[in-house]
Amino acid sequence: MTRKLYYEDSHLYKFDATVLSCEPAGERFAVVLDQTAFFPEGGGQSADTGILADAHVLDVQEKDKKILHYTDKPVPVGQRVTGTLDAAERFRKMQNHSGEHIVSGIAHSLFGCDNVGFHLGDGDVTVDYNTVLSREDLNRIEELSNKAVADNLDIRTEFPDADKLSSLNYRSKLELTQDVRIVTIGDIDCCACCAPHVVKTGEIGCIKLLDFEHYKGGVRIHLLCGSDAMQDYRTKYENIQRISALLCVPQTHTADAVEQMQERLKNKEYELNVLRSRLAESALKSADSFANTLCFFADAQCDMDSLRHAVNAGLNEKEICAGFLPAENGFRYCIGARNTDLRKASKEINTALQGRGGGQPAMIQGTAAADRESILTFFQHWDAK
């Protein structure tokens with residue numbers, strides 16, 4: 001059995017080990033060592049990566065009580081090799097995982113929340129609780145969590161025997177009976193966990209609860225800790241700084257400024273739609289009128305909404321009303337009818353107009369590549385049925 005150095009020293013990022021086996025595993029190689037500091041995927045946390053001898057460790061999994069290091073090239077069996085973890089990656093995971101324990105412990109003690117899901121990804125940490133929490137509740141949890149960080153509490157790990165385990169009041173998503181590893185953070189939290197953690201809460205740096213959403217009758221929280229939280233803050237600060245400069249307002253007033261801008265844009269959009277409708281109506285007044293059809297060509301400044309409104313207005317005068325907008329390689333069209341089934345007639349129309357489109361019996365839309373004169377000629381002679 002491989003000795004698990006990551007349990008003995010979570011800050012051990014470089015170690016020596018003997019290669020016990022190395023077997024092909026698809027395009028990779030599965031390497032077993034006599035001891036390892038590489039943590040295998042587990043407990044909602046991805047595996048460590050790094051270098052083993054001159055091979056890249058791409059993944060680590062524990063299967064059938066064997067810890068398999070998946071590398072991009074073979075490692076010589078029987079030799080003593082050096083393993084080097086991606087220390088920054090390991091440390092950021094420990095910051096986030098230890099921070100999550102603090103958050104979950106406080107959420108449990110304050111609101112009776114049970115942690116029913118946890119995932120530590122590359123850029124996000126999610127925790128699922130079976131209790132609904134408000135933003136005010138989360139603010140309280142965040143405040144107390146960062147106080148626990150500032151208090152620099154000890155984080156202890158142990159494998160208690162059966163008697164001691166039965167006397168502990170610890171959190172666990174599963175019913176565990178043997179080889180249970182307990183992580184204790186002061187009087188904040190006591191939880192079963194298989195992952196490496198920092199030694200002192202001060203190493204976490206800071207804890208920030210980000211978004212939250214209702215999820216399966218409870219709540220899903222997105223959080224970041226330590227260096228990840230700082231990077232998140234930098235990114236958001238840079239964005240708010242740019243927005244502040246673009247709006248020419250202090251950073252603390254950007255939300256109000258954006259709301260005001262949205263209101264102005266809404267008013268401008270309304271005014272623009274009114275103008276487009278007037279343009280389309282003006283085009284309708286100049287429509288070519290045939291036996292049972294009105295055919296008009298709207299200005300390029302119009303849009304399909306204004307074109308449809310004009311077509312509907314034209315149906316007050318004729319059985320068929322066809323409106324066209326300039327478009328790349330031709331026109332966009334909207335054709336309406338009072339009694340004619342345009343869906344059935346769409347094939348004939350599209351063939352004549354070199355177009356594509358369809359819709360409902362009372363109205364079809366599409367594109368046409370035919371020129372203006374060809375379109376007018378078709379509607380002048382078309383016998384709609």
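**View 1. Strand 20 and strand 21 pair in the antiparallel sense.** In this predicted model, Gly355 stands opposite Ala368 in strand 21. Strand 21 covers residues 363-368. A total of 6 bridges join strand 21 to strand 20.

**View 2. An open sheet is built from 6 strands.** The strand order is 16-17-18-19-21-20. The pairing is mixed. Strand 16 (288-289) and strand 20 (355-360) stand at the edges. Each has a single partner strand, so one side of each is left without a neighbour in the sheet.

**View 3. Helix 6 and helix 9 meet the sheet strands.** Helix 6 (residues 254-285) lies across strand 17 and strand 18. Helix 6 runs at about 130° to strand 17. Helix 9 (residues 372-381) packs on the sheet and touches strand 16, strand 17, strand 18 and strand 19. The direction of helix 9 makes about 170° with that of strand 17.

**View 4. Strand 18 (residues 320-327) is mostly covered.** Of its 8 residues, 6 are buried. Strand 17 (residues 293-297) runs parallel to strand 18, and 5 bridges join the two. Phe296 has Gly323 in strand 18 as its bridge partner. Between the two strands the chain passes through helix 7 (residues 304-314). This β-α-β crossover is right-handed.

**View 5. Strand 18 and strand 19 form a hairpin.** Strand 19 (residues 330-337) runs antiparallel to strand 18, with 8 bridges joining them. Gly323 stands opposite Cys334 in strand 19. The hairpin has 2 residues between the strands. Asn329 takes a positive phi near 65° there.

**View 6. Another open sheet has 4 strands.** Its order is 9-10-15-14, and the pairing is antiparallel. Strand 9 (115-120) and strand 14 (207-215) stand at the edges. Each of these has a single partner strand, so one side of each is left without a neighbour in the sheet. On average, neighbouring strands are turned by 20° against each other, direction ignored.

**View 7. Strand 14 and strand 15 carry helix 3.** Strand 15 spans residues 218-225 and pairs with strand 14 over 7 bridges, in the antiparallel sense. Tyr215 stands opposite Gly218 in strand 15. Helix 3 (residues 135-150) packs on the sheet and touches strand 14 and strand 15. The direction of helix 3 makes about 150° with that of strand 14.

**View 8. Helix 2 crosses helix 5 at roughly 90°.** Helix 2 holds residues 87-111, and helix 5 holds residues 226-247. Their axes come within 6 Å. The two helices are therefore roughly perpendicular to each other. Arg92, Gln95 and Asn96 in helix 2 meet Gly226, Ser227 and Asp228 in helix 5. By class, this contact has no nonpolar, 4 polar and 2 charged residues. Helix 2 also lies across strand 9, strand 10 (125-129), strand 14 and strand 15. Helix 2 runs at about 160° to strand 9.

**View 9. Arg92 sits in helix 2.** Is Arg92 buried or exposed? Arg92 is buried, because its relative accessible area is 11%, under the 20% cut-off. Arg92 touches Leu120, Gly121, Asp122, Gly123, Ser227 and Asp228, not counting residues up to four places away in sequence. Arg92 and Gln241 are 149 residues apart in sequence. In space they are 26 Å apart, C-alpha to C-alpha.

Definitions and conventions: Residues are numbered from 1 along each chain as its sequence is written. This is a predicted model: local features need pLDDT of at least 70, side-chain atom pairs count only at pLDDT 80 or more; totals for chains, interfaces and linings use all residues. Side-chain values use heavy atoms; hydrogens and water are left out. Axes are lines fitted to C-alpha atoms, for helices over the stretch in contact, and angles run from 0 to 180 degrees between N-to-C directions. Angles under 35 degrees count as roughly parallel, over 145 as roughly antiparallel, 65 to 115 as roughly perpendicular and the rest as oblique. Contact means heavy atoms within 4.5 Å. Ala, Val, Leu, Ile, Met, Phe, Trp, Tyr, Cys and Pro count as nonpolar, Asp, Glu, Lys and Arg as charged, and the others, Gly among them, as polar. Buried means under 20% relative accessible area, exposed over 50%, partly exposed in between (1.4 Å probe, protein chains only). Two strands pair if DSSP finds at least two bridges between them. A crossover is right-handed if, with the strands pointing away from the viewer, the path from the first strand over the helix to the second runs clockwise.
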